[in-house]
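Colleague: I am new to this one. Can we go through the calls and the reasons behind them?

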Amino acid sequence: MDTRQIIESLIQDSIEAKQKMLSEDQLNYIQAIANKIVEAYNKGKKLIVMGNGGSAADALHFAAEMVCRFEKNRNALPAIALSENISTITAIGNDFGYDQVFSRQIEAFAAKGDVVVAITTSGNSPNVVKALEAARKMGIFSIGFTGADGGKIKTMSDMCYCAPSKVTGRVQECHILAIHIICKLIEDKVFAY
C-alpha cells in the first residue's frame with residue numbers, strides 16, 4: 001500500500017468507527033453519562049477523570065472543558081484530572097507503586113455524589129482498575145471509557161462506554177468525540193439560558 005492508500009484507509013476506519021457510534025445503544029450511553037454528570041453538578045459535586053498516556057491527555061482535556069468552557073461562556077464547573085500533578089504521581093509511584101497513582105488520589109479527592117471517569121482503551125490498566133475499586137469502596141459513582149470488549153472495567157464501573165472499535169487509535173478518537181458531545185450536553189443542561 002502506498003502512503004495515500006494508508007491515509008485513506010485510516011480515515012475510512014475512523015469514519016466507520018464513528019458511524020457505529022450512531023447505534024441506539026451508543027447514543028443512549030452517551031446521553032446517560034451526560035445526565036449522570038449533570039445530576040452531580042446540579043448537586044454541587046465534582047468530576048474526577050483519569051487515564052494513562054493518550055487517555056491521560058483525554059482526561060486533562062475533559063477536565064479543562066469543564067473548568068474553562070466548552071462552547072458557552074459560563075461559570076466554571078469543578079473537575080480534576082488525576083494525571084495533572086506530576087509530583088503526586090511520581091511520589092505515589094515511588095512510595096506505593098504505579099498501580100496506586102490513581103487510587104490514592106481517589107481516596108484524597110473523591111466524595112459521595114462525585115463522578116469518577118476512568119479512561120483506558122484496553123479496559124485493563126492496573127492503576128485504573130485499582131482506582132475503580134477504591135471508588136466503589138467509597139460509594140463513588142464511576143463511569144468507564146474503554147474499547148469494544150470493555151476489559152475488566154466494564155463490570156467494575158457503574159456505567160461503561162465501550163467505543164465501537166478494538167484499534168487503540170479509533171477507540172481514542174471515539175472517546176474524544178463522546179467527551180465533546182458530553183461536554184455540549186452538560187453545558188446545555190446545567191446552563192440552560
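Modeller: Gladly. Keep in mind that this is a predicted model. Start with glutamate 65, which touches Phe70, Arg74, His180 and Cys183, leaving aside residues up to four places away in sequence. Glutamate 65 sits in helix α3, residues 54-67.

Colleague: How do you know that glutamate 65 has no salt bridge?

Modeller: A salt bridge needs the charged atoms within 4 Å. The nearest side chain of opposite charge, arginine 74, is 6.5 Å away from glutamate 65. So the salt bridge cut-off of 4 Å is not met. Glutamate 65 is buried all the same.

Colleague: What makes the pair of glutamate 65 and histidine 61 a polar contact?

Modeller: Their side chains are joined at 2.9 Å. The cut-off is 3.5 Å, so the pair qualifies.

Colleague: Why is cysteine 174 not bonded to cysteine 162?

Modeller: The two sulfurs are 12 Å apart, and cysteine 162 holds the closest one. A disulfide needs sulfurs within 2.5 Å, so this pair is too far for a bond. Cysteine 183 is in no disulfide either; its nearest cysteine sulfur, in cysteine 68, is 11 Å away. The structure holds zero disulfides.

Colleague: Why is cysteine 183 called buried?

Modeller: Buried means under 20% relative accessible area. Cysteine 183 has 0%, so it counts as buried. Cysteine 174, at 1%, is buried too.

Colleague: And the whole protein: how many helices and strands does it have?

Modeller: Eight helices and five strands. The radius of gyration is 17 Å, close to the 16 Å from the globule rule for 193 residues, so the protein is as compact as a globular protein of that length.

Note on methods: Residues numbered from 1 in each chain as written. Predicted model: local features only at pLDDT ≥ 70, side-chain atom pairs only at ≥ 80, totals over all residues. Heavy atoms only, no water. Helix = DSSP H or I, 4+ residues; strand = E, 2+ residues; numbered from the N terminus. Buried < 20%, exposed > 50% of the residue type's maximum accessible area, 1.4 Å probe, protein only. Lys, Arg positive; Asp, Glu negative; His and termini not counted. Polar contact = N/O pair within 3.5 Å; in protein donor to acceptor, adjacent residues only side chain to side chain. Contact = heavy atoms within 4.5 Å. Rg over C-alpha atoms; globule rule 2.2 N^0.38 Å.
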